[in-house]
Structures are given as C-alpha cells and as structure tokens.
Amino acid sequence: MKNFEKVKEVLIDAIDCEAEDVKLDASLKDDLDVDSLDAVELNMALEEEFGVDIPDEALFAMKTVGDIVKYLDENVK
Amino acid sequence: MNGIKIISTGRGIPSKKVTNNDLAKIVDTNDEWITSRTGIKSRYYCGDNESNVDLAYEAAKIAIEKNNIDKSKIGVCVVATFAAKTKVPSIACNIQSMLELDEIPCFDINAACTGFVYAVEVAKHLTSKEKPYMLVVCSEQISRKMDFDDRGTCVLFGDGAGAIIAENSDNLYHSMIKAKGNKEILNCDKYIKMDGSGVFRFAVGIVPKIIKELLENADLSVDDVDQIICHQANQRILAHISKKMKVPMDKLYMNLQNYGNTSSASIPIALDEMLEKNMIKRGDKVMMIGFGGGLTWGGILLEY
C-alpha cells in the first residue's frame with residue numbers, strides 16, 4: 001500500500017475530509033460522504049497527482065480508500 | 001473600439017415558483033438530495049399563458065425604461081435561446097415589434113448556456129454610428145424540455161430572461177468563445193439529456209482554463225478581478241472554481257439557489273441583480289464565464 005499517504009493527501013484536498021477519517025478500510029460513500037460529483041473531482045485530482053487516467057467506471061466501482069490505493073499501486077509506474 | 005460599455009440591464013422572471021418540495025411531489029427526489037448535489041432550492045417555470053417571448057420582452061423593457069434608453073439608438077437585437085417554442089418569428093423579431101424598435105437586424109442565436117457571451121460577441125459588430133446601442137437578451141423556457149422521469153436532470157433547470165443594453169467602447173475588454181461538438185455529454189431534442197458526471201467534469205475542467213486565458217490576455221492576476229459571474233449551473237462547480245483559482249466565494253456571485261440553471265439567461269440575470277445590490281461599480285473589472293451544451297464555452301473580462 002505504498003501510495004496510501006499520497007492518496008490520503010489528495011482525498012483531504014479534493015473532498016475536504018478529515019485526516020483521521022482516511023483509513024484503508026474507510027468506505028468512500030458511508031465514511032467519507034463521497035457522492036457522484038465528489039467522485040469526479042477526486043478522479044481528476046488523482047489523475048493530476050499520479051499521472052494515470054482512471055476510467056470513471058473503475059473509480060465508481062471502488063468502495064474503500066484501500067481499493068483506490070490498490071489500483072494506483074498496480075497501475076502507476 | 002473592441003470593448004463594450006454596459007449601460008443598462010433588466011430581467012424577466014416567470015410567475016410560477018417551484019420549490020424542491022413541489023418537485024418532490026411529482027418526481028422521485030427530495031430537497032436534501034437536490035440541495036446537497038446542486039445548491040438549488042427553487043426555480044421558476046412559465047405559466048400556461050407565458051412563454052420566453054414574454055420573459056424576453058419584460059427583461060428588455062426594464063432595461064430600456066430603467067435608464068431612459070433612447071430606443072431609436074438601438075442598432076441590433078440579438079436573443080440567445082436554445083429552446084424557443086416558436087421558431088418563426090424569432091424571439092428577437094417578436095420583441096422588436098412589442099418594444100416598437102426601429103427596423104434593425106433582429107435574430108436569435110443558439111449557443112446553449114454560453115449564449116450570453118456568444119450574443120455579445122456577435123452584437124457588438126452590428127451597431128453603427130447612428131445606432132450605437134446593442135440590445136442583447138437571453139431568454140430560456142427550459143421547463144418545456146424537462147423529462148420529469150429523469151430525476152437527475154429535471155430538478156436542475158428553471159425559466160428566465162436577462163437583458164443588457166451596451167455600446168461599443170474603449171474600455172478594457174478581452175473575450176474568447178469556443179466550441180467542440182459533443183452530443184453525448186449534453187443534448188436536447190424533445191428533452192434535455194445530460195451525462196451528469198461528464199458535464200461536471202467538463203465544467204470544472206474548462207472554467208479555470210477560461211479564467212487563465214482571459215487573465216493572460218489582459219496581463220492581470222485573478223486578484224485584480226472584482227467579480228466573476230459564472231454561469232449558474234451548480235454550486236459544486238462554483239465551489240470547485242473558488243478552491244482551484246483561490247477566489248473567495250464573495251467574488252463568485254451565486255443566485256442559482258433561487259432560479260436554478262437558466263442556461264444563457266443566468267449571467268445577465270445575475271448581472272442585473274448585482275447592479276441592483278450595488279455590488280459592481282464603474283471601473284470594476286468583471287469577468288463573465290459561460291459553458292454548456294454544444295459543447296460551447298467562453299468568457300468576457302471587461303471594465304464595467
């Protein structure tokens with residue numbers, strides 16, 4: 001989970017959540033209140049930070065912070 | 001003279017106020033969802049005997065009467081509208097006769113929500129020495145294009161019209177208008193159909209680019225701009241702009257909570273309200289930014 005810290009920073013900035021709420025098993029929808037518009041902003045911020053183009057469907061399928069970190073660990077050089 | 005000086009404004013708002021709770025009676029939605037996703041609390045729909053011709057007439061009439069505009073000096077009337085019920089005569093021709101304007105060029109244009117910026121850019125070339133004023137009206141009756149089974153879209157829009165009267169001037173003025181054809185993200189035939197995430201992504205991506213281009217052309221920073229009037233599509237878009245461009249929310253006027261998204265009319269309605277509230281004074285640098293179906297986008301940076 002090497003990208004966790006960077007993902008945490010992006011989340012705090014993009015969706016205005018609290019640092020202590022960002023855990024690997026935190027649910028994007030239920031714990032962090034991410035709605036469909038937040039998901040778009042988050043996607044754009046992740047793309048900017050990591051230089052990887054995440055298809056919207058792939059992001060919408062992610063349920064937890066850990067899912068995002070895993071995707072980036074697998075897809076970012 | 002590349003610029004324009006705005007000399008009067010007006011707005012026309014229809015009679016039927018429709019709150020989120022009113023909509024919740026006929027649509028599978030609720031006040032909390034609409035408010036949190038969009039910021040909208042109410043919007044206005046034309047009644048059975050109202051159309052966007054009436055709204056355009058009212059907005060233009062107010063603009064003319066408010067500052068005792070000499071109608072014979074109006075050299076062109078351009079109306080931005082994307083869903084006029086009657087195509088011929090155009091709304092512009094209709095209001096030419098209702099307002100008893102001279103026999104000047106009158107026509108409608110369609111640039112969806114970017115209609116105001118497009119209309120100004122067109123109208124400013126059609127004035128003359130004898131008839132130096134341009135009448136630009138944006139008038140939308142979107143309620144007739146709402147699919148009330150599409151709960152994500154039908155809650156967003158409202159009817160309304162805004163008008164400006166302006167003359168060519170040497171004031172600071174920079175502008176840009178662009179388009180890129182795309183029918184998937186946003187289209188309107190019988191009903192408006194939107195890919196909500198796609199539209200949001202387009203808007204939050206394009207608005208900072210418009211702002212940056214206008215500032216670069218004017219050799220100004222965002223702090224030099226006194227007010228930014230953004231097309232009133234969604235509060236979340238405005239919040240994103242505020243954060244990304246470091247513009248305080250009190251410089252980003254918002255009235256979408258009352259009117260919803262009135263497409264091209266949103267900028268002139270906002271401008272009219274801001275002037276009424278003395279939020280803009282002569283010499284202020286004002287930016288107006290439109291973006292919408294087409295896809296179209298554009299902006300104006302001027303000294304008021």
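I began with confidence: chain B of this predicted model averages a pLDDT of 96, and 100% of its residues score at least 70. For the complex I noted an ipTM of 0.85 and a pTM of 0.94 from the predictor.

Next I looked up the sheet of chain B. I found an open sheet of five strands with mixed pairing, in the order β1-β7-β6-β4-β5. I marked β1 (3-12) and β5 (106-109) of chain B as the edge strands; each has a single partner strand, so one side of each is left without a neighbour in the sheet. From one strand to the next I read an average twist of 20°.

I then followed the pairing of the edge strand β1(B). I found it joined to β7 (residues 160-169) of chain B by nine bridges, in the antiparallel sense. As one register point I wrote down B:Ile6, whose bridge partner in β7(B) is B:Ala166.

I turned to the helices on the sheet. Helix α10 (residues 266-276) of chain B packs there, touching β1, β6 and β7 of chain B, and I noted an angle of about 75° between its direction and that of β7(B). I also looked up helix α3 (residues 52-66) of chain B, which lies across β1, β4 (74-80), β6 (133-140) and β7 of chain B. I recorded about 125° between α3(B) and β1(B).

Last, I checked the interface. I found seven residues of chain A in contact with eight residues of chain B. On the chain A side, I traced the largest share, five residues, to helix α2 (residues 36-50) of chain A. I sorted the chain A residues that touch chain B into three nonpolar, one polar and three charged.

Key: Residues numbered from 1 in each chain as written. Chains lettered and ligands numbered in written order. Predicted model: local features only at pLDDT ≥ 70, side-chain atom pairs only at ≥ 80, totals over all residues. Pairing = 2+ DSSP bridges. Helix = DSSP H or I, 4+ residues; strand = E, 2+ residues; numbered from the N terminus. Axes fitted to C-alpha atoms, helices over the stretch in contact; angles between N-to-C directions. Contact = placed C-beta atoms within 7 Å. pLDDT = per-residue confidence, 0-100. Nonpolar A, V, L, I, M, F, W, Y, C, P; charged D, E, K, R; others polar.
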